[in-house]
Amino acid sequence: MADLSTQLFGVHAAALGLREARLNLIASNLANADTPNYQARDLDFSRALEAATAQTGITEGLGKSTDPVTEATVYRVPLQPSLDGNTVDADYEHASFARAALEYRASLSFVEGRVRSLMTAITGE
Amino acid sequence: MAGLPIFDVAGSALAAQSVRLNTVASNLANANNVSGDPTTVYRPLEPVFSTLPVDPANPTLAGVQVNGVEQGNAPPIKRYEPGNPLADSQGYVYAPDIDPVAQMANMISASRAYQADVEVLNTAKDLALATLGLGR
């Protein structure tokens with residue numbers, strides 16, 4: 001199935017899933033902006049995408065499957081460490097969330113364009 | 001978007017921040033309550049947050065839960081008001097040690113965090129709807 005979606009959508013299918021994972025992580029940071037000892041996390045996108053695309057290649061089915069999201073999840077370096085051990089910078093996370101949402105839409109529009117051309121090819125109209 | 005844990009994350013944060021807003025409202029409302037007995041004076045409330053794993057498959061995603069609402073242990077402020085009907089035999093009344101400015105700052109912080117979470121929820125909903133409309 002993963003193979004088919006890679007054939008159909010190229011790198012964009014994997015990218016869309018990773019973009020969603022990044023949105024989830026940033027939402028988690030924003031939700032915990034006031035939780036003591038919470039450490040902000042983010043996704044190293046290029047590393048995650050590398051891992052995700054490598055997995056859909058020849059290593060698939062060999063039993064060596066590490067989740068690209070957990071593999072590429074990194075802690076943020078705090079800009080202003082606070083006394084309660086929380087490393088969330090709400091403004092920075094806001095900006096990151098807006099950017100991540102835009103990137104998600106970009107990936108989505110690539111997949112959508114692909115779906116459209118496939119539909120055109122199938123229906124022949 | 002499988003499972004959509006982002007809604008659980010943002011939803012738990014909304015609930016936690018609303019508990020925080022409620023405690024601020026309670027503290028401000030009772031800031032001027034006096035009593036003749038220092039043990040029955042209102043004590044300021046403070047919620048304690050901790051992380052809440054929402055997705056067993058992905059432990060790095062964390063929502064928020066309210067571990068409990070703690071009562072502050074600041075000693076009440078003793079005031080000499082012999083004319084007050086609540087005063088004790090020496091003419092003292094006791095008021096809770098609540099700083100309205102700190103409470104207002106806490107309220108603004110909670111309401112900003114609440115707004116941020118609503119924004120996250122709205123964006124996530126828009127993106128999910130756009131994804132549902134794929135191929136239409």
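User: Which residue forms a salt bridge with A:R99?

Analyst: This is a predicted model, and the pairing is read from its side-chain atoms. In helix α5 of chain A, A:R99 and its partner both have a place, four residues apart, about one turn of the helix. The closest N and O atoms of the pair are 3.0 Å apart. The partner is A:E103.

User: Is A:E103 buried or exposed?

Analyst: The other half of the pair, A:R99, is exposed, with a relative accessible area of 54%. For A:E103 the relative accessibility is 18%. Buried means under 20%, so at 18% A:E103 counts as buried.

User: Which residue meets A:E112 in a salt bridge?

Analyst: A:E112 lies in helix α5 of chain A, and its partner lies in that helix too, four residues apart, about one turn of the helix. A:E112 is partly exposed, at 21% relative accessible area, and the partner is also described as partly exposed, at 47%. The N to O distance is 3.5 Å, and the residue is A:R116.

User: Which residues are joined into one network by salt bridges that share partners?

Analyst: A:R99 and A:E103, which form a salt bridge with each other, both belong to the network. The complete set is A:R19, A:R22, A:D42, A:R76, A:E93, A:R99 and A:E103.

User: What is the N to O distance in the salt bridge of A:R47 and A:D44?

Analyst: A:R47 is partly exposed, with a relative accessible area of 37%. A:D44 counts as partly exposed as well, at 28%. Their side chains meet in a salt bridge with an N to O distance of 3.6 Å.

User: How many salt bridges are there over all chains?

Analyst: Side chains of opposite charge can pair when their charged atoms come close. The pair A:R47 and A:D44 is one example here, and A:E112 with A:R116 is another. Over all chains the count comes to 10.

User: Which side chains meet in a salt bridge between chain B and chain A?

Analyst: Between chain B and chain A the count is one salt bridge. Its N to O distance is 3.0 Å, and the side chains belong to B:R20 and A:D34.

User: How much area do chain B and chain A bury between them?

Analyst: The size of an interface is often given as the accessible area lost when the parts come together. In this model the contact takes 32 residues from chain B and 27 residues from chain A. Carbon and sulfur atoms carry 65% of the buried area, which is about 2400 Å².

User: Which residues of chain B does A:N24 touch?

Analyst: A:N24 lies in helix α2 of chain A. At 7% relative accessibility, this residue counts as buried. Its C-alpha atom is 9.9 Å from that of A:L43, 19 residues apart along the chain. Not counting residues up to four places away in sequence, A:N24 touches B:P5, B:I6 and B:L61.

User: Which element gives the largest share of the lining of the second largest pocket?

Analyst: Lining residues come from both chains, including A:L30, A:D34 and A:H94 as well as B:S109 and B:R112. The elements that give two or more residues are α5 (90–123) of chain A together with α2 (100–132) of chain B. The largest share, five residues, comes from α2(B).

User: How much space lies in the second largest pocket?

Analyst: Rolling a probe the size of a water molecule over the atoms shows where empty space is left. The lining of this pocket divides into six nonpolar, three polar and two charged residues. The space in the second largest pocket is about 210 Å³.

User: Where in chain A is A:N37 found?

Analyst: A:N37 has a phi near 65°, a positive value in a residue other than glycine. The residue is exposed, with a relative accessible area of 59%. A:N37 is found in the loop between α2 (11–31) and β1 (41–43).

User: Which pattern does chain A follow along the sequence?

Analyst: Chain A has 125 residues, and buried residues make up 39% of them. Its secondary structure comes to five helices and two strands. Read along the sequence, the pattern is α-α-β-α-α-β-α.

Methods. Residues are numbered from 1 along each chain as its sequence is written. Chains are lettered from A and ligands numbered from 1 in the order in which they are written. This is a predicted model: local features need pLDDT of at least 70, side-chain atom pairs count only at pLDDT 80 or more; totals for chains, interfaces and linings use all residues. Side-chain values use heavy atoms; hydrogens and water are left out. Buried means under 20% relative accessible area, exposed over 50%, partly exposed in between (1.4 Å probe, protein chains only). On a 1 Å grid over the protein atoms alone, a cavity is a set of points where a 1.4 Å probe fits but cannot get out, and a pocket is an open set with protein on both sides within 12 Å along at least five of seven lines; lining residues have an atom within 4 Å of a point. Grid points are joined across faces, edges and corners, and a volume is the space filled by probe spheres set on the points. Ala, Val, Leu, Ile, Met, Phe, Trp, Tyr, Cys and Pro count as nonpolar, Asp, Glu, Lys and Arg as charged, and the others, Gly among them, as polar. Contact means heavy atoms within 4.5 Å. Buried area is the accessible area (1.4 Å probe) that two parts lose on being put together, summed over both. A salt bridge is a side-chain nitrogen of Lys or Arg within 4 Å of a carboxyl oxygen of Asp or Glu.
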